[in-house]
Amino acid sequence: MSKLMALSFIFSALLGFNIIYLSVAELQRFQHEAKADGSLSLLVIGDWGRRGAYNQSHVARQMGIIGEELDIDFIISTGDNFYDNGLKGVDDPLFYESFTNIYTATSLQKQWYSVLGNHDYRGDVEAQLSPVLREMDSKWLCLRSFIVDTEIADFFSVDTTPFVEKYFTEKEHNYDWSGILPRQNYLSNLLKDLDKSLKESTAKWKIVVGHHTIKSAGHHGNTQELSSQLLPILLENNVDLYINGHDHCLQHISSSESPLQFLTSGGGSKAWRGDVDWWNPKEMKFYHDGQGFMSMEITQTQMDIVFYDVSGYILHKWSKNKELHSTI
């Protein structure tokens with residue numbers, strides 16, 4: 001067991017958090033109970049950590065209001081948690097200035113499940129992963145790849161930054177690849193673990209979360225490495241949603257090849273007004289080039305997705321129904 005895993009286990013025990021280590025090779029699984037009636041509600045936010053600037057504080061305020069209305073169970077962060085270059089260490093004041101001191105609403109004092117974005121990899125990655133941060137703020141949890149098991153829905157968080165080739169060749173920025181190299185071994189093991197976990201899942205809903213886009217009309221567009229390596233696994237395993245950040249917008253794209261939906265929640269702070277490319281209108285269900293966030297309400301038979309802008313106004317709704325019992 002690695003030093004980080006051992007420390008995580010100790011702090012998890014102290015904080016009363018339910019974590020299961022299946023094996024060193026498999027994705028870590030966290031049990032998060034749904035409500036007594038079996039339902040689940042949560043918020044999704046991405047690309048946010050700017051000390052409250054670029055409307056981050058305004059988005060946080062509206063998240064608190066909607067979070068209370070929905071009685072949310074937890075929050076998902078799609079990465080780029082701290083700008084511009086991640087955290088310098090576990091004692092970096094940016095953690096408090098961009099997270100603890102911003103998301104202060106009572107409804108947001110629930111567990112946050114966070115993945116890493118490319119900007120996070122420009123800093124000390126181990127700092128964000130460290131259980132020391134959880135001791136400083138118990139709602140914080142960030143790992144490379146992991147599973148949140150709520151029984152009715154499994155959320156598979158995937159570390160997407162190491163897939164992107166340009167980060168390993170560009171000279172403009174430095175990245176912390178500790179724990180990643182040799183890269184091909186890391187990616188191969190991750191994809192195998194994800195595929196195995198998806199196949200073993202008995203949850204009614206399968207949702208995959210990553211920082212980078214697979215399909216997007218925004219500034220970054222499609223991530224070809226994920227389209228070729230990750231997408232086939234999602235399609236083969238009947239994943240319902242792929243949720244990402246990276247593009248600083250809110251977005252919903254449907255798939256012409258499967259029921260898989262692509263949702264972008266990357267409007268946590270700085271947005272890119274007018275930076276959008278044409279997309280087939282039969283697939284593009286919604287695009288907003290401003291700040292905001294997303295909510296999810298899930299039962300055994302229905303999933304409701306809502307996108308909100310910086311003022312808390314509803315911009316887009318989408319629902320999907322499933323039969324309570326399979327007819328197969």
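This passage describes a sheet, a set of aromatic contacts and one buried threonine in a predicted model.

The sheet is open and consists of 6 strands in the order 5-4-3-13-14-15, with mixed pairing. Its edges are formed by strand 5, which spans residues 111–114, and by strand 15, each of which pairs on one side only. Neighbouring strands of the sheet are turned against each other by 20° on average, with direction ignored. In general, the strands of a sheet pair through backbone hydrogen bonds, and the pairing may be parallel or antiparallel.

Helix 2, comprising residues 56–70, packs on this sheet. The helix touches strand 3 (40–45), strand 4 (74–77), strand 5, strand 13 and strand 14. Its direction makes an angle of about 15° with that of strand 13.

Two pairings within the sheet can be described in further detail. Strand 13 (residues 292–298) and strand 14 are antiparallel and are joined over 7 bridges. Within this pairing, G292 has D309 of strand 14 as its bridge partner. Strand 14 (residues 302–309) also pairs with strand 15 (residues 314–321), again in the antiparallel sense and over 7 bridges. Here M303 is found opposite K320 of strand 15. Strands 14 and 15 form a hairpin, with 4 residues lying between them. One residue of the turn, G312, has a positive phi of about 85°.

Aromatic side chains provide a further set of contacts, and 25 aromatic pairs are found in the whole structure. One of these pairs is formed by F30 and F146 in an edge-to-face arrangement, with 5.8 Å from centre to centre and 85° between the planes. Because F30 belongs to strand 2 (residues 28–31) and F146 to strand 6 (residues 146–149), the pair ties together parts that are 116 residues apart in sequence. The relative accessibility of F30 is 1%, and this residue therefore counts as buried, the limit for burial being under 20%. F146 is likewise buried, with a relative accessible area of 0%.

A second edge-to-face pair is formed by W48 and F82, whose ring centres are 5.4 Å apart and whose planes make an angle of 70°. W48 is located in the loop between strand 3 and helix 2, whereas F82 is located in the loop between strand 4 and helix 3 (94–100), so this pair ties together parts that are 34 residues apart in sequence. Both W48 and F82 are buried. These two residues also belong to a cluster linked by ring pairs, which contains W48, F82, F95, Y96, F99, Y103, W112 and W140.

Aromatic rings also take part in contacts with charged side chains. R50 lies over the face of Y83, at a distance of 3.7 Å from the ring centre. In another case, the charged end of K322 is placed over the ring of W205, 4.4 Å from the centre of that ring.

The final site considered is T264, a residue of strand 11 (residues 261–265). T264 has a relative accessible area of 0% and is therefore buried. Its side chain makes a polar contact of 3.1 Å with the side chain of N244. When neighbours within four places in sequence are left aside, the residues in contact with T264 are N244, G245, D247, C249, L250, Q251 and F307. N244 thus appears both in this list of contacts and as the partner in the polar contact. Another member of the list is F307, a residue within the range 302–309 of strand 14.

Note on methods:
Residues numbered from 1 in each chain as written. Predicted model: local features only at pLDDT ≥ 70, side-chain atom pairs only at ≥ 80, totals over all residues. Heavy atoms only, no water. Pairing = 2+ DSSP bridges. Axes fitted to C-alpha atoms, helices over the stretch in contact; angles between N-to-C directions. Contact = heavy atoms within 4.5 Å. Phe/Tyr/Trp six-rings, centres within 6.5 Å; stacked < 30°, edge-to-face > 60°. Buried < 20%, exposed > 50% of the residue type's maximum accessible area, 1.4 Å probe, protein only. Lys NZ or Arg CZ within 6 Å of the ring centre and 35° of its normal. Polar contact = N/O pair within 3.5 Å; in protein donor to acceptor, adjacent residues only side chain to side chain.
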